[in-house]
Each structure stands twice: as structure tokens, then as C-alpha cells.
Amino acid sequence: MSTFARVAVNLDAPIHQTFHYHIPRDLERELKPGHLVELQFGRRYAQAIIIAIDSESEVPDTKPVISRVLPEPVIDPVRLRLAEWLTEKYLCTWTEALRLMLPPGLSQRADTVLDLNPEASLEGQRLTANQRKLVNLLQEHGTLRGKQITKLAPELKWQAAAAQLDRRGLIRRASVLDAPRIKPKTVDVVKVTADESKWTEVFPLLGRRTAATQALIVIAGNDNPVSIDEIVSTAGCKPQHVKSLVDRGFAQYTSSDEQLLKKADIDLNHAIAALQKS
């Protein structure tokens, strides 16, 4: 029995609907909601996020999912629910809602690659001004991507010229999709180095009612490491006051992205529940 992925395609066009793609047998056990996949949309390649796995499709003929981009889902079930709420509440597209939750560089859009057809002759061919400019660029630089053409000739409307030259067999045109380019995002957080019994020794050294003292109170009053932004906002201090605590050995920097993500998940669940009641 076939299974289908209902997906939101990552395109700049304002597409409000989702689409069904059938899941090949070799991917049936690997795909679930939230996965980033590659597929063919029209004549181009595109990335999409799986919204749901269905046993039936809304259309009789479906294209296959080509591949899974990353082994783990990029959107969890809580954020999928939030994205759905955003599409219903604000009438935005699924893609607009999901992009708010993806790190920069994760989701890529297709680009076009052009080169001259080595089996075609340009001799005696009648070309428009735009077609001639595009051919000249390809003759001078060789194979070019759409982004490169736009940078070399910002005023050139190369898309229409490329389509016309492609139909005449004078150039070759293909769609390409880059792999994700992301790095893990970490957040600097701070925790105290002294246990509670030693805090009374620390405060006199800092002085009463100083910004550094207020910062230390915020740090010490949390069970988990605290982000610098939260310390500055709560204590009314500046980042240099936090740094002074670290320099004097009263606190230390660490990385607690996992803790922050867990806290974000809890906060998000509460937010969604509140929004659904409103």
C-alpha cells in the first residue's frame, strides 16, 4: 500500500496549498513529519518540509520524493502545530510560517545552471539583444549559475532569454539545489562557580547595589545557566558587568544550547495552549 507525504514546498511564490508526493519503498521507514526532503516541483528541483504522512492522496498521479536531506526532522511536532495555527490565524503560507523556525542556511532554493550547447552552432542565428548579451556572458565565462549572471549583468532579463535559447537548442539549462549550509548555533550562558555557602563572601567584595551584584543575584537565583541577554535584561546591567564576574572567578561561561532548547519547548507548548484558547 502506498504512502504519501503532504509537503510545504520552499518557494518564494505565495503558494498557500500543500502537495502530495508518494514515498518510494526505500524511504518509507525513513520519513516522518518534519523531515526536509528534496523533490521535483514543475521543472525545477526544490526542498520541502513534510507536514504529514497520509495513506491517500488528493490527486491520482503523484511524483516521488527524491531524497531525505537530513537524517533528523528539522521541525518537531510542536512547531508543526504552531505553523498550522499561524496559517489559519494570519492566512500566511506554510512556507512563511515554517521559515520562522528554521536556522539560516538550512533551507535552500533551486538555482539555474546555463552553458552553451557544444553541439549547436551560433553562426547565422538571429538573436535579440538580451539573448546576445546572455550568449556573450556564457562565451566569456563558461558555465554560469543564475545568481552569477544576475551579479555580472544586473540589468539583463536573462530568465526569458535563457528559456528562448533553450527551446532553440542553443544553450543547455538545468535546475540545481545546494546542500544545506548550517553550523550549530550556540548561546553563551553563565553559571556561578561558588556554592551557596560562599555567596556571602562574594557580595561584600562587589559592593552593595552595584550592577555586578545584581547580575550575580540573577545568575545565582537560577537553577540552570542563564543567557547573557536575560541577565542584562533582568539585572539592568551591561555585558561587561557579567564579564567582570567571570574575570574575577565568581562565574563562568558555558554552552547550554540543549537546556535552552528544552526550556523553549516548554514555553512553546504553553504558548500554543494559550493561543488555542484565545
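Let me begin with the hairpin of β3 and β4, in this predicted model. Two strands meet there with 2 residues between them, and in that hairpin Gly-42 takes a positive phi near 65°. Strand β3 covers residues 36-41 and strand β4 covers residues 44-54; the two run antiparallel and are joined by 6 bridges. To place one pair for you on the structure, Leu-39 stands opposite Ala-46 in β4.

Strand β3 also has β5 to pair with. Here 2 bridges join β3 to β5, and the two strands again run antiparallel. Across this pairing, Glu-38 faces Ser-67 in β5.

These strands belong to an open sheet of 5 strands, in the order β2-β1-β4-β3-β5, with antiparallel pairing. Which strands stand at the edges? They are β2, residues 19-22, and β5, residues 67-68; each has a single partner strand, so one side of each is left without a neighbour in the sheet. As a general reminder, the strands of a sheet pair through backbone hydrogen bonds, in either a parallel or an antiparallel sense.

At the β2 edge, the partner is β1, residues 4-9, and the antiparallel pairing of β1 with β2 extends over 4 bridges. Within that pairing, Ala-5 stands opposite Tyr-21 in β2.

I would like to stay with β2 for one residue, His-20, which lies in this strand. Is His-20 buried or exposed? With a relative accessibility of 11%, His-20 counts as buried, because the cut-off for buried is under 20%. Leaving aside residues up to four places away in sequence, His-20 touches Phe-4, Ala-5, Arg-6, Asp-54, Glu-56, Ser-57, Glu-58 and Thr-62. One of these, Ser-57, is 37 residues from His-20 along the chain, and yet the C-alpha atoms of the two are separated by 6.0 Å.

Let me now turn to a second group of strands. Strand β6, residues 111-116, pairs with strand β8, residues 171-176, in the antiparallel sense over 6 bridges. In this pairing, Asp-111 stands opposite Val-176 in β8. Strand β6 also pairs with strand β7, residues 144-145, in the antiparallel sense and over 2 bridges. There, the bridge partner of Val-113 is Arg-145 in β7.

Next, the helices, starting with a pair in contact. Helix α3 spans residues 129-141 and helix α5 spans residues 158-167; their axes come within 9 Å and cross at roughly 85°. That angle makes α3 roughly perpendicular to α5. Which residues make the contact? From α3 they are Asn-130, Gln-131, Leu-134 and Val-135, and from α5 they are Trp-158, Ala-161, Ala-162, Gln-164 and Leu-165. By character, the residues of this contact divide into 6 nonpolar and 3 polar, with no charged residue.

Helix α7, residues 211-220, is described by its burial. Of its 10 residues, 7 are buried, so the helix is largely enclosed by the rest of the structure. The buried residues of α7 are Ala-212, Thr-213, Ala-215, Leu-216, Val-218, Ile-219 and Ala-220.

There is also a residue in a loop that I would ask you to find. Leu-91 sits in the loop between α1, residues 77-90, and α2, residues 94-99. Although it is not a glycine, Leu-91 has a positive phi of about 60°. Its relative accessible area is 64%, and Leu-91 is therefore exposed, the cut-off being over 50%.

Those who work with cysteines may ask about disulfides. A disulfide is a covalent bond between the sulfur atoms of two cysteines. How many disulfides does the model contain? The count comes to 0 disulfides, where a pair of cysteine sulfur atoms would have to lie within 2.5 Å. Two cysteines can be described by their burial. Cys-92 is buried, with a relative accessible area of 18%. Cys-237 also counts as buried, at a relative accessibility of 6%.

Finally, some values for the chain as a whole. The protein chain has 10 helices and 11 strands. Of its 278 residues, 36% are buried. Among the contacts in the chain with a separation of 6 or more, 69% are accounted for by residues 24 or more positions apart. The pair of His-20 and Ser-57, at 37 residues apart along the chain, is one to look at on the structure.

Conventions: Residues numbered from 1 in each chain as written. Predicted model: local features only at pLDDT ≥ 70, side-chain atom pairs only at ≥ 80, totals over all residues. Heavy atoms only, no water. Axes fitted to C-alpha atoms, helices over the stretch in contact; angles between N-to-C directions. Parallel < 35°, antiparallel > 145°, perpendicular 65-115°, else oblique. Contact = heavy atoms within 4.5 Å. Nonpolar A, V, L, I, M, F, W, Y, C, P; charged D, E, K, R; others polar. Pairing = 2+ DSSP bridges. Buried < 20%, exposed > 50% of the residue type's maximum accessible area, 1.4 Å probe, protein only.
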